[in-house]
Each structure stands twice: as C-alpha cells, then as structure tokens.
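Visitor: Could you take me through a close look at one part of this model, the salt bridges? I would like to know where the partners sit and how open they are to the surroundings.

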Amino acid sequence: MKKLLLILFSLFFLSSPSVFAEEDLSKINISNLKRLSSSEIIDAFSNTRSIGYYSRDIYGIDFEFEEFNYSNGDFNHLNIFFSASGKWKAYDNKMCFKATQHSLIAPEKMFTCVLIYTSIKEMEYYFYMPGQGIYAKTTLVIPLID
C-alpha cells in the first residue's frame with residue numbers, strides 16, 4: 001500500500017508543470033560535461049529514485065519521468081505515456097537497460113546502452129545516445145532506504 005501511495009503521489013507531483021525548469025537539452029554541449037565511468041554510474045544510480053524529463057526536440061514535448069534503480073539490477077520506469085520494468089546494469093562505461101515488461105511494446109531481448117554525463121550541479125545527469133544526442137536529464141536522485 002505504501003508503494004502505491006508513493007507512486008500515486010509521485011505521478012501527481014511530476015504532473016505539475018512547475019516542477020521543472022526544463023533546460024533545452026538540444027543546446028547542451030557534451031564536451032562541457034563529465035562522462036561517468038561504470039563505477040560512477042553504479043554509485044550514482046544504484047538503489048535510488050530518479051526524477052527527470054525527456055527532451056522536447058526528440059519527443060515533441062517535454063515530459064517528466066520517475067525511475068527506480070535497485071542494487072539487484074531491477075528497474076521500474078514511469079511517465080505519463082508508458083511504464084516499463086526490467087533489468088539495468090553498468091557496462092563498458094555505459095548505463096544499460098532491458099525492459100522485460102513494457103506497457104506499449106513487446107519485451108526487449110537485448111540491453112540498450114547509453115552514455116551518462118554530469119555537470120557541476122549534484123544529481124544532474126544527462127542521458128546521451130550517439131546519433132540522437134542528449135535525450136533526457138535527471139534532475140534529482142534520491143537514495144532509497146533499505
């Protein structure tokens with residue numbers, strides 16, 4: 001019941017248009033950012049709740065997401081358009097995801113890996129895919145209590 005309340009509260013909180021001052025992610029130069037290594041990705045995202053948004057240039061609109069990454073390699077992802085869960089890992093200095101359950105598409109058979117960059121501000125992480133650019137930004141990472 002507590003998890004359901006947390007998810008409902010989070011979705012309500014994230015649906016508020018004033019939650020984020022969305023940055024135009026298409027204008028971010030990754031050469032001004034620091035790329036995370038595999039160990040830094042694990043340290044930053046293992047056993048956490050992340051809040052952020054997707055790029056308007058890639059998806060047509062800015063929309064928020066919430067993601068839970070557990071230390072056992074499981075993840076849950078929520079946004080206003082879909083939900084997904086599956087496995088995550090850090091591999092070859094990339095963050096990799098495989099959605100084994102997805103509300104819109106069939107389960108993935110392979111991991112999709114992205115590069116993670118950070119700025120000077122703590123807990124701000126940029127998700128980068130070659131050929132696509134920066135497609136999302138995490139603005140808050142909260143450690144989960146075991």
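Guide: Happily! Let's begin with D74, which is partly exposed in this predicted model, at a relative accessible area of 27%. Its salt-bridge partner is K87, with N and O 2.6 Å apart. K87 is partly exposed too, at 34% relative accessible area. Because D74 belongs to strand β4 (residues 74-79) and K87 to strand β5, their pairing ties together parts 13 residues apart in sequence.

A search of the whole structure gives six salt bridges, so let's follow two others among them. E124 and K137 meet through their side chains, at 3.6 Å from N to O. Here E124 comes from the loop between β7 and β8, while K137 is part of strand β9, so this pair also links parts that are 13 residues apart in sequence. With the cut-off for buried set at under 20%, E124 qualifies at 13% relative accessibility, and K137 does as well at 5%. The bridge has company: E23, E124 and K137 are joined into one network by salt bridges that share partners.

K137 also appears among the residues that Y125 touches, a list that includes L36, F45 and I116. Y125 itself is one of the members of the largest nonpolar core, a group of 20 residues, that touch the most other members.

For a pair in a more open setting, turn to K27 and D24, whose closest N and O atoms are 3.9 Å apart. K27 is exposed, with a relative accessible area of 67%, whereas D24 is partly exposed at 36%.

Conventions: Residues numbered from 1 in each chain as written. Predicted model: local features only at pLDDT ≥ 70, side-chain atom pairs only at ≥ 80, totals over all residues. Heavy atoms only, no water. Core = buried A, V, L, I, M, F, W, Y, C linked by side-chain atoms within 4.5 Å. Buried < 20%, exposed > 50% of the residue type's maximum accessible area, 1.4 Å probe, protein only. Contact = heavy atoms within 4.5 Å. Salt bridge = Lys/Arg side-chain N within 4 Å of Asp/Glu carboxyl O. Helix = DSSP H or I, 4+ residues; strand = E, 2+ residues; numbered from the N terminus. Lists of a residue's contacts leave out its neighbours within four places in sequence.
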